[in-house]
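Please read the following with the sequence and the three-dimensional view side by side, and look for each residue as it is named.

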Amino acid sequence: MTETLGFVLSDLSHQMRRVFDVRARKLSVTRAQWKTLFVLSRAEGVNQGMLAEKLDVEPITACRMVDRLEEAGLVERRRDPADRRAWLIYLTETARPLVSELRALGDQLNEDALQGIDTAEREQLLATLAKVRANLTNDPQDLNETANG
């Protein structure tokens, strides 16, 4: 193979994000915003620390993003009943149609990317990638090395 799996996946991911960014711009949404909204749509009620972890950013970055989304009326902070010092983040009703539009953009992008690939090939591709992910997720040696620094 002339290209490595990691390079191809990274390049593909970059291209898909770039195309999605262009399409999402028509909805006046930045990459950081749509990524945050997607994460929240899957995990509403997380605190800012967990949101930062899910976004793979520093907590202060997540806090600033939540501030901007809150100012735009797309998210709201609610006190955590289990910890008075913490805030839980939720989508607002205003955000839900936007998230639906973003999902539709994502669905169309997937269709565009998979154009000319039949259903059986698509299923095989996803099954193969799921195995690759599982191989890396389930390797105790890698997990121990990550935890130990």
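The largest pocket of this predicted model has a volume of about 720 Å³. Of the 18 residues that line this pocket, Leu9, Leu12, Leu125, Leu126 and Leu129 are the closest to its centre. H1, H5 and H6 each contribute at least two residues to the lining, and the largest share, 8 residues, is supplied by H6.

Helix H6 itself runs over residues 119–137, and its 19 residues reach 27 Å from the first C-alpha to the last, which is close to the 27 Å expected at 1.5 Å a residue. At the start of H6, a side-chain oxygen of Asp118 comes to within 3.1 Å of the backbone nitrogen of Ala120.

From the pocket we can turn to the largest nonpolar core, which has 24 residues, and in which Leu37, Val75 and Leu102 touch the most other members. At least two residues of this core come from each of helix H1 (5–25), helix H2 (31–42), helix H3 (48–55), helix H4 (59–71), strand S3 (83–91) and helix H5 (95–113). If residues up to four places away in sequence are not counted, Val75 touches Leu37, Leu40, Val66, Leu69, Glu70, Ile89, Tyr90, Leu91 and Thr92.

Strand S2, spanning residues 75–80, also holds Arg77. Is Arg77 buried or exposed? Arg77 counts as buried because its relative accessibility is 18%, and the cut-off for that term is under 20%. The side chain of Arg77 makes polar contacts with two acidic-named partners in turn: with the side chain of Asp67 at 2.6 Å, and with the side chain of Glu70 at 2.5 Å. Leaving aside neighbours within four places in sequence, the residues in contact with Arg77 are Gln48, Cys63, Val66, Asp67, Glu70, Trp87, Leu88 and Ile89.

A further residue to find is Phe20, which lies in helix H1. Phe20 has a relative accessibility of 5%, and therefore it counts as buried. Not counting residues up to four places away in sequence, Phe20 touches Trp34, Phe38, Leu102, Leu105, Gly106 and Leu109, and Leu102 in this list is one of the core residues that touch the most other members. Phe20 and Thr61, by contrast, are 41 residues apart in sequence, and the distance between them in space is 22 Å from C-alpha to C-alpha.

How values were computed: Residues are numbered from 1 along each chain as its sequence is written. This is a predicted model: local features need pLDDT of at least 70, side-chain atom pairs count only at pLDDT 80 or more; totals for chains, interfaces and linings use all residues. Side-chain values use heavy atoms; hydrogens and water are left out. Helices (H or I, at least four residues) and strands (E, at least two) are DSSP runs, numbered from the N terminus. The expected span of a helix is 1.5 Å times one less than its number of residues. A polar contact is a pair of N or O atoms within 3.5 Å; within protein, one must be able to donate a hydrogen and the other to accept it, and residues adjacent in sequence count only if both atoms are side-chain atoms. A nonpolar core is a set of buried Ala, Val, Leu, Ile, Met, Phe, Trp, Tyr and Cys residues joined through side-chain atoms within 4.5 Å. Buried means under 20% relative accessible area, exposed over 50%, partly exposed in between (1.4 Å probe, protein chains only). Contact means heavy atoms within 4.5 Å. On a 1 Å grid over the protein atoms alone, a cavity is a set of points where a 1.4 Å probe fits but cannot get out, and a pocket is an open set with protein on both sides within 12 Å along at least five of seven lines; lining residues have an atom within 4 Å of a point. Grid points are joined across faces, edges and corners, and a volume is the space filled by probe spheres set on the points.
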